[in-house]
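Work through the exercises below with the sequence and model open. Try each task before you read its solution.

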Amino acid sequence: MRTITKHVPAKTITSYQCSRCKTKYRSKAKALQCEAQITEEKVFKIGERVTWCEPRHCQSYDKYYKLDGKVRKILGPTLPDEEYNLKWLGGRLTGKHVFIYNVSWRCPHCKEVFDGQFYSAELKKIKTR
């Protein structure tokens, strides 16, 4: 067996953090550019009933249904996932700090409880009487 000892001098790493989304950058310019982006308004409140813009699929019964859930938690502000934003949302969230809404719902067919995270552009408020 051979023992190898390496001596590395201590070094200082400087990083810069966006004050809005807490993302860390190695460059001050990128951090300032991130801070310059606007923050979207919170569209939904905790406890509000919402629906997703697309139908959900129940694996057990092989049927589609309209999601009817409640906002349980609001995360953010954060930067949106750029690939998802461009591919599925048509770039509607580009240049913004956004909130992510944690929604829970029950499948009307199998009665199983689900939860998921959605951007505000994907959700619609369900009007209560």
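Contact here means heavy atoms within 4.5 Å. This is a predicted model: local features need pLDDT of at least 70, side-chain atom pairs count only at pLDDT 80 or more, and totals for chains, interfaces and linings use all residues. Residues are numbered from 1 along each chain as its sequence is written, and side-chain values use heavy atoms, with hydrogens and water left out.

**Exercise 1. Place E48 and list its partners.**

Step 1: locate the residue. E48 sits in the loop between β3 (38-39) and β4 (49-52). Strands are DSSP runs (E, at least two residues), numbered from the N terminus.

Step 2: check its exposure. Buried means under 20% relative accessible area, exposed over 50%, and partly exposed in between (1.4 Å probe, protein chains only). E48 counts as buried because its relative accessibility is 15%.

Step 3: find the polar partners. A polar contact is a pair of N or O atoms within 3.5 Å; within protein, one must be able to donate a hydrogen and the other to accept it, and residues adjacent in sequence count only if both atoms are side-chain atoms. The E48 side chain reaches the backbone nitrogen of K45 at 2.9 Å. Its side chain also makes a polar contact of 3.0 Å with the side chain of K125.

Step 4: list the contacts. Not counting residues up to four places away in sequence, E48 touches V43, G69, K70, V71 and K125.

**Exercise 2. Which side chain of opposite charge is nearest to E122, and what does E122 contact?**

Step 1: E122 lies in the loop between β9 (113-119) and β10 (123-125).

Step 2: look for a salt bridge, that is, a side-chain nitrogen of Lys or Arg within 4 Å of a carboxyl oxygen of Asp or Glu. For charge, Lys and Arg count as positive, Asp and Glu as negative; His and the chain ends are not counted. E122 is buried yet has no salt bridge; R92, the nearest side chain of opposite charge, is 7.5 Å away.

Step 3: turn to polar contacts. The side chains of E122 and Y84 are joined by one of 2.3 Å. The E122 side chain also reaches the backbone nitrogen of Y119 at 2.8 Å.

Step 4: leaving aside neighbours within four places in sequence, E122 is in contact with T51, W52, C53, Y84 and L89.

**Exercise 3. How far apart are the C-alpha atoms of K124 and W52?**

Step 1: K124 is found in strand β10.

Step 2: W52 is 72 residues away along the chain, but the C-alpha atoms are separated by 6.4 Å.

Step 3: K124 touches F44, R49, V50 and T51, not counting residues up to four places away in sequence.

**Exercise 4. Search for disulfides.**

Step 1: apply the cut-off, a pair of cysteine sulfur atoms within 2.5 Å. The whole structure has zero disulfides.

Step 2: inspect two cysteines. C58 is in no disulfide, and its nearest cysteine sulfur, that of C107, is 3.6 Å away. C110 is in no disulfide either; its nearest cysteine sulfur, that of C107, is 3.6 Å away.

Step 3: C58 is buried at 3% relative accessible area, while C110 is partly exposed at 23%.

**Exercise 5. Inspect the backbone of K22, D62 and P77.**

Step 1: recall the background. Most residues other than glycine have a negative phi, and most peptide bonds are trans.

Step 2: K22 has a positive phi, near 65 degrees. K22 is in the loop between β1 (16-17) and β2 (24-25), and is exposed at 51%.

Step 3: D62 has a positive phi, near 55 degrees. D62 is in the loop between β5 (56-58) and β6 (63-65), and is exposed at 58%.

Step 4: a cis peptide bond joins G76 and P77, with omega about 10 degrees. P77 is in strand β7 (residues 69-78).

Definitions and conventions: Helices (H or I, at least four residues) and strands (E, at least two) are DSSP runs, numbered from the N terminus.
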